[in-house]
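This report describes a predicted model of a protein chain with a bound ligand. The sequence and coordinates come next, followed by notes on selected parts.

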Amino acid sequence: MRIVNISIIGFGAVGQGVARCILSKQEFLKKDGIDLRVVGISDSRGSEINTGGIDVESALLRKKQKGSVAAGSKNPHEIIRDVKHDIVVEVTPTNINNGEPGLSNMRLAFKSGKHVITSNKGPLALHFNELKEAAEDNGLFFRYEATVGGAVPIFNLVHEALAGNTVLGIEGILNGTCNYILTRMSEERMPYDLVLKEAQELGIAETDPTYDVEGIDSAIKLIIIANSIFGLDSTYKDVDVTGITKITPEALELANRNNYVVKLVCEAREGKLTVAPRLVPKRHPLAVGGTLNVASILTDLAGRITISGRGAGSIETASSILSDILYIVRNS
Ligand code: HSE
């Protein structure tokens with residue numbers, strides 16, 4: 001049996017989702033010869049450390065009852081640096097102004113010889129190439145499938161399954177909140193404010209939903225795609241961004257009558273990065289509804305490949321993180 005020790009830095013919806021997945025997949029992983037143990041968990045109020053493996057069920061219960069996992073006061077840096085483990089799962093909240101605290105956590109993890117897996121978009125949108133090089137220089141893995149498209153395996157698909165292809169362009173819908181709002185406004189004729197509130201209640205909107213509706217979250221995801229898949233060194237200023245706030249019910253109605261839907265489409269093609277509302281024919285593969293995300297990848301050999309699925313959610317995002325954990329275990 002191979003023991004794999006991980007820490008979970010950040011214990012919000014995604015961190016708890018990872019913990020739940022590890023619990024429910026324990027037997028499945030053991031059949032594969034993997035004993036996956038969580039040796040450190042931290043949230044904004046404290047932490048728990050157990051080098052023999054934390055009782056994850058109790059940690060989840062404590063979080064639910066007391067609002068924090070805290071059983072001790074070691075900070076995330078002390079866990080990352082001082083506790084012996086293999087993989088840091090960095091799932092603190094996204095901060096797109098300076099990437100913190102995730103950025104420092106990731107830098108320290110690489111410096112301390114730990115692989116990094118993350119769902120945290122901020123550090124990647126700001127310092128993608130620096131982090132990638134830090135991983136490579138230290139002979140470590142840097143995996144970030146969960147940053148874009150939630151459960152939808154865009155990076156795995158391109159880097160692994162489509163290896164050998166040249167990607168010519170990518171189009172996609174990468175923000176579930178906007179897609180939900182546009183779908184409900186168009187299909188149910190619901191007012192904007194009400195559906196935005198619904199999206200917040202579903203737990204898919206960002207803490208500040210301006211990031212969703214102004215297209216900022218989509219742009220950040222497009223930057224990560226551009227840097228990872230096209231090898232660019234792009235940042236926010238390189239994206240031409242228009243959100244959905246100026247779309248009127250009348251415009252949606254007109255599109256509907258002509259068999260179109262309005263979607264907030266991200267596109268990376270020939271070095272140009274764009275996020276903007278676009279008219280999409282109702283039967284087009286990009287015309288997915290509700291909270292779904294979709295990515296359509298145009299390649300030289302395989303042609304066009306389109307994948308769609310849940311772009312947000314605790315367990316869905318944890319699915320990508322678990323897949324990254326297994327990638328590292330199988331390849332190191
Ligand atoms: N607010 C994001 C969305 C969450 O609506 O897609 C997932 O990144």
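## Aspartate 32

Aspartate 32 is partly exposed, with a relative accessible area of 42%; buried means under 20%, exposed over 50% and partly exposed in between, with a 1.4 Å probe and protein chains only. The residue lies in the loop between α2 (26-31) and β2. Helices (H or I, at least four residues) and strands (E, at least two) are DSSP runs, numbered from the N terminus. The C-alpha atoms of aspartate 32 and valine 275 are separated by 42 Å, with these positions 243 residues apart along the chain.

## Basis of the values

The model is predicted: local features need pLDDT of at least 70 and side-chain atom pairs count only at pLDDT 80 or more, while totals for chains, interfaces and linings use all residues. Residues are numbered from 1 along each chain as its sequence is written, and side-chain values use heavy atoms, with hydrogens and water left out.

## Open sheet

Six strands form an open sheet in the order β3-β2-β1-β4-β5-β6, and the pairing is mixed. Two strands pair if DSSP finds at least two bridges between them. At the edges stand β3 (46-49) and β6 (142-143), each with a single partner strand, so one side of each has no neighbour in the sheet.

Strands β1 (residues 2-9) and β2 (residues 34-43) run parallel and are joined by 8 bridges. Isoleucine 9 has serine 42 in β2 as its bridge partner. Between β2 and β3 there are 4 bridges, and these strands run antiparallel. They form a hairpin with 2 residues between them, and aspartate 43 stands opposite glycine 46 in β3.

## Domains and cores

The domain assignment gives domain 1 (2-150 + 314-331) and domain 2 (161-309); such bounds come from an automatic or database assignment. Taken over C-alpha atoms, the domain centres are 28 Å apart. The contact (heavy atoms within 4.5 Å) takes 12 residues from domain 1 and 17 residues from domain 2.

A nonpolar core is a set of buried Ala, Val, Leu, Ile, Met, Phe, Trp, Tyr and Cys residues joined through side-chain atoms within 4.5 Å. The largest one has 64 residues, of which Phe142, Ile154, Ile229 and Ile244 touch the most other members. Helix α11 (residues 216-229) supplies the largest share, 9 residues. Both domains give residues to this core, so it lies between them. A second, separate core of 31 residues includes Val14, Ile87, Ala318 and Ile321. Leaving out residues up to four places away in sequence, isoleucine 244 touches Cys178, Ile181, Leu182, Tyr192, Val213 and Leu264.

## Asparagine 293

Asparagine 293 is found in strand β11 (residues 292-299) and is buried, with a relative accessible area of 1%. Not counting residues up to four places away in sequence, the residues it touches include Gly149, Val152, Ile173, Asn175, Gly176 and Ile307.

## Ligand surroundings

The ligand is surrounded by 13 residues, and the closest are Gly176, Thr177, Ile204, Glu206 and Asp212; a residue counts as near if one of its heavy atoms lies within 4 Å.

Polar contacts are pairs of N or O atoms within 3.5 Å; within protein, one must be able to donate a hydrogen and the other to accept it, and residues adjacent in sequence count only if both atoms are side-chain atoms. A backbone N or O atom of glycine 176 is 2.8 Å from an oxygen atom of the ligand. A polar backbone atom of isoleucine 204 lies 2.7 Å from a ligand nitrogen atom. Lysine 221 places a polar side-chain atom 2.8 Å from an oxygen atom of the ligand.
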